[in-house]
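Student: I'd like to go through this one label by label and ask what backs each of them up. Shall we pull it up?

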Amino acid sequence: MKRGIHALLFFIFAGILLLSGMMLLRGGAQRNREREANLLLAEKVRQAGERQEQDLCAASPGKEEENTEPSAESETPVLPEYRELWEKNNDLAGWLTIEDLEIDYPVMYTPDEPEYYLHRGFDRKEADSGSLFIGEGWNPEGGNTIIYGHNMKGGTMFGNLDRYSQESYAREHPVIRFDTLTEKGEYQVIGAFYSRIYSLKEKDAFRYYWYIDLREKESFEEYISRVKASSLYDLGADAAFGDELLTLSTCSYHEREGRFVVVAKKTG
């Protein structure tokens, strides 16, 4: 009788292990497909940029203006690098690049459903790693673009963003590139900190995710002051009212509902 029970338990545990292994393999294959899809998007952008440079080199004076004409489908003057992707998916809002972290991704924005791309790829299909996306209530003129992304164990999306928790890394890699559809941009890191999602009952908490519209001087200065106070280090870089800010946010597991945040100002 005992042998029968032991045999049954053995087969049950073996089945569980086999099923777990199959799920891990399937998950790994899915993540690899998502990684390859994003690499293909980045390659398309790179090739489009190279073609643009070649066209400009070969163009006669005045020819450059032709490349900034609106696309056939909209009055929006989209940069040549992103035009093809934008025509495929109008949710595209920009492109984020941090080369040493292998961050080279489209940034999406869906105002009516801000977290639409939390678990969807650029093609709108389900994806474990999701996509980088701009959060709720964004206004391009608001002065602060908050971009969210998953902290993936494999290093994709914002999986390596917490390297900015180290002052030495931030000093060696202070530049982040974020292009909108119409304008290229370079940003300098001014601070990085650990945070979390706070309940409404908690008083005086720094809810960085509420600082979306910084067109009022008081709001801008309060945000910068609290970023600097929360930052893990002081790089000596500051921001003045009127500067455009970029805030990158991802999950952190130092505590429940934890977040890791990097803030930068536009310099070019």
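Student: Which residue in strand 5 stands opposite Trp-95?

Tutor: That's Asp-179. Keep in mind as we go that this is a predicted model.

Student: How do you know that strand 1 and strand 5 count as paired?

Tutor: Pairing takes at least two bridges, and four bridges join strand 1 to strand 5, so they count as a pair by that rule. The two run antiparallel.

Student: What makes strand 1 and strand 2 a pair?

Tutor: Here there are six bridges, again in the antiparallel sense. The rule asks for at least two, so this is a pair as well. For a spot to look at, Leu-92 stands opposite Met-108 in strand 2.

Student: Why is strand 1 called mostly covered?

Tutor: Buried means under 20% relative accessible area, and seven of its seven residues are buried.

Student: What is unusual enough about Glu-102 to give it a mention?

Tutor: Glu-102 has a positive phi of about 60 degrees although it is not a glycine. It sits in the loop between strand 1 and strand 2, a hairpin with four residues between the strands.

Student: Why is Glu-102 called exposed?

Tutor: Its relative accessible area is 59%. Exposed means over 50%, so the label fits.

Student: And why does Arg-124 count as partly exposed?

Tutor: Arg-124 has 36% relative accessibility. The buried class is under 20% and the exposed class over 50%, so a value in between is partly exposed. Arg-124 lies in the loop between strand 2 and strand 3, and its phi is positive too, near 70 degrees, in a residue other than glycine.

Student: On to helix 2: which of its residues are buried?

Tutor: In helix 2 (residues 80–88), they are Glu-81, Tyr-82, Leu-85 and Trp-86.

Student: How do you know that they lie on the same side of helix 2?

Tutor: They cover an arc of only 105 degrees around the axis, which puts them on the same side. As background, an α-helix has 3.6 residues a turn, so residues three or four places apart point the same way.

Student: Which residues touch the most other members of the largest nonpolar core?

Tutor: Of its 31 residues, those are Leu-96, Ile-147, Leu-161, Tyr-164, Ile-176, Leu-248 and Val-262. Elements that each supply at least two residues of this core include strand 1, helix 3 and strand 8.

Student: What does Ile-176 touch, leaving out residues up to four places away in sequence?

Tutor: Among its contacts are Leu-96, Tyr-164, Leu-248 and Val-262.

Note on methods
Residues are numbered from 1 along each chain as its sequence is written. This is a predicted model: local features need pLDDT of at least 70, side-chain atom pairs count only at pLDDT 80 or more; totals for chains, interfaces and linings use all residues. Side-chain values use heavy atoms; hydrogens and water are left out. Buried means under 20% relative accessible area, exposed over 50%, partly exposed in between (1.4 Å probe, protein chains only). The arc is that of the directions from the helix axis to the C-beta atoms. A nonpolar core is a set of buried Ala, Val, Leu, Ile, Met, Phe, Trp, Tyr and Cys residues joined through side-chain atoms within 4.5 Å. Contact means heavy atoms within 4.5 Å.
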